[in-house]
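Please take a moment to look over the sequence and the model below before reading on. The paragraphs that follow lead from one part of the chain to the next.

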Amino acid sequence: MTNAAKAATDLRDDIQTHAKTFLQSLTAEQRKQAMFRFDDEERFDWHYIPRDRKGVPLRAMNAAQKQAALQLLKSSLSQEGYDKARGIMALENVLRVIENRPTNDTYRDPDQYAFSVFGDPSGKEPWSWRVDGHHLAMQFLIVAGPTGEGRVLAQTPIFFGSNPAVVRIDGPEKGKQVLKEETMHAFALLASLDTAQVRRATLAAVAYPDIVTGNRRKLSLDRMDGLRMGDMTPTQRALFTDLLKVYLGRYRVTLAKQQLDKLTKAGLDELRFAWAGDLTPTVGAGKGWYYRIHGPTILIEYDNTQTNANHIHTVVRDLTNDFGMDALEEHYRNSLHSKP
């Protein structure tokens, strides 16, 4: 087994162990809520707005169950990614204060994030786990190989949002910026472009009101617009790479490397950076900005227009393997497993 294959199997085993521990911690009734057939259409139902969700929310768990759920989350993300995810959850308390809601309000609730498992992590068939809630949605698809090795086949869609983008109310969270790097690195790249490059990168003078692709199960954009990495200077390419790694860095290092290897194989020069809206990070009424990173295999969107440009949405989509569908077909063709 190669070092890369061992790293992938070790990661698979770690996630699998924490998924089994989480399920074992639940009551029989909770397991009924948390577990779905792998081929259940619920696996593709995700959103980033406050709404009722299937699965078991953190608020319905005791301390041990909640710890097991968070360890499952931590097993799939880098420390930075985990800290951002927990920071997004904690912002619900800030929104409670801003909106003058009672402390027991469940519309703005840091524990209103639901965990679900699709399939059986104890078996040999593919399975998936998901966390879904306001401004935080992600899923991971895991398989076991015919000789015992295995890997994570998919880790998209992944949505991280932040409201407020910068906490400005008095209190212990004042000044907090959960998605600071996603904003800072984008403006650094934008500032490095000359006038002609800015013109090529610009999609619109006014930013879009939200990410363009929303929560669609399948997506495509008519064409790739923006400035190619291949048409950037070495300094600009480095800044673009830094921005890209902010998003890939949310994952465990093995998954981040898999994603970067895939992008490299498809051709980093073909990645495009595109912008809409204000060219400076000035907040206020009528202000806002949007950018995307678009390539043959990936689409990353960032939007900060709502709440006077203090409300960020970001999403990462794999244009060839969202929800693991393409990789799963290949897995079935190359293994002895049958489709569920």
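A good place to begin in this predicted model is the pairing of strand 5 with strand 7 (residues 158-162), which run antiparallel and are held together over three bridges. Within this pairing, Ala137 has Phe159 of strand 7 as its bridge partner. Strand 5 is also joined to strand 6 (residues 150-154) by four bridges, again in the antiparallel sense, and there Leu141 stands opposite Ala154 of strand 6.

Strand 5 has a further antiparallel partner in strand 4 (residues 127-133), with which it shares seven bridges. One of the residue pairs here is Asp132 with Ala137, the latter being the bridge partner in strand 5. Strand 4 and strand 5 form a hairpin with two residues between them, and in that turn His135 has a positive phi of about 65°.

How many of the nine residues of strand 5 (residues 136-144) are buried? Nine of the nine are, so the strand is largely enclosed by the rest of the structure. The burial holds for both faces: Leu136, Met138, Phe140, Ile142 and Ala144 point one way, Ala137, Gln139, Leu141 and Val143 point the other way, and all are buried.

From the strands we can turn to the nonpolar core. In soluble globular proteins, nonpolar side chains tend to be buried together. In this model the largest nonpolar core has 71 residues, and those touching the most other members are Phe22, Leu73, Phe115, Trp129, Met138, Phe140 and Phe273. If we take Leu73 as an example and leave aside its neighbours within four places in sequence, it is in contact with Tyr82, Ala85, Met89, Phe115, Trp129, Val131 and Met138.

A charged residue also deserves attention: Arg43, which is found in the loop between strand 1 (35-36) and strand 2 (56-57). Which side chain of opposite charge is nearest to Arg43? It is Glu41, 8.2 Å away, and Arg43, although buried, has no salt bridge. A polar atom of the Arg43 side chain does, however, lie 3.1 Å from the backbone oxygen of Phe323. Not counting residues up to four places away in sequence, Arg43 touches Phe38, Phe118, Ser128, Arg130, Gln139, Leu141, Phe323 and Met325, and of these Gln139 and Leu141 belong to strand 5.

Elsewhere charged side chains do pair up, and the structure holds 28 salt bridges. One of them is between Glu181 and Lys84, with N and O 3.7 Å apart. Because Glu181 lies in helix 5 (residues 180-192) and Lys84 in helix 4 (residues 79-98), the pair ties together parts that are 97 residues apart in sequence. Glu181 is partly exposed at 26% relative accessibility, whereas Lys84 is buried, with a relative accessible area of 5%. Both belong to a network of salt bridges that links Glu80, Lys84, Glu181, Glu182 and Arg250.

Another salt bridge joins Asp269 to Arg237, whose closest N and O atoms are 2.5 Å apart. This pair links distant parts of the chain, 32 residues apart, with Asp269 in the loop between helix 8 (253-266) and strand 10 (272-277) and Arg237 in helix 7 (residues 234-248). Asp269 is partly exposed, with a relative accessible area of 34%, and Arg237 is partly exposed as well, with 28%.

Note on methods
Residues are numbered from 1 along each chain as its sequence is written. This is a predicted model: local features need pLDDT of at least 70, side-chain atom pairs count only at pLDDT 80 or more; totals for chains, interfaces and linings use all residues. Side-chain values use heavy atoms; hydrogens and water are left out. Buried means under 20% relative accessible area, exposed over 50%, partly exposed in between (1.4 Å probe, protein chains only). Lys and Arg count as positive and Asp and Glu as negative; His and the chain ends are not counted. A salt bridge is a side-chain nitrogen of Lys or Arg within 4 Å of a carboxyl oxygen of Asp or Glu. A polar contact is a pair of N or O atoms within 3.5 Å; within protein, one must be able to donate a hydrogen and the other to accept it, and residues adjacent in sequence count only if both atoms are side-chain atoms. Contact means heavy atoms within 4.5 Å. A nonpolar core is a set of buried Ala, Val, Leu, Ile, Met, Phe, Trp, Tyr and Cys residues joined through side-chain atoms within 4.5 Å. Two strands pair if DSSP finds at least two bridges between them.
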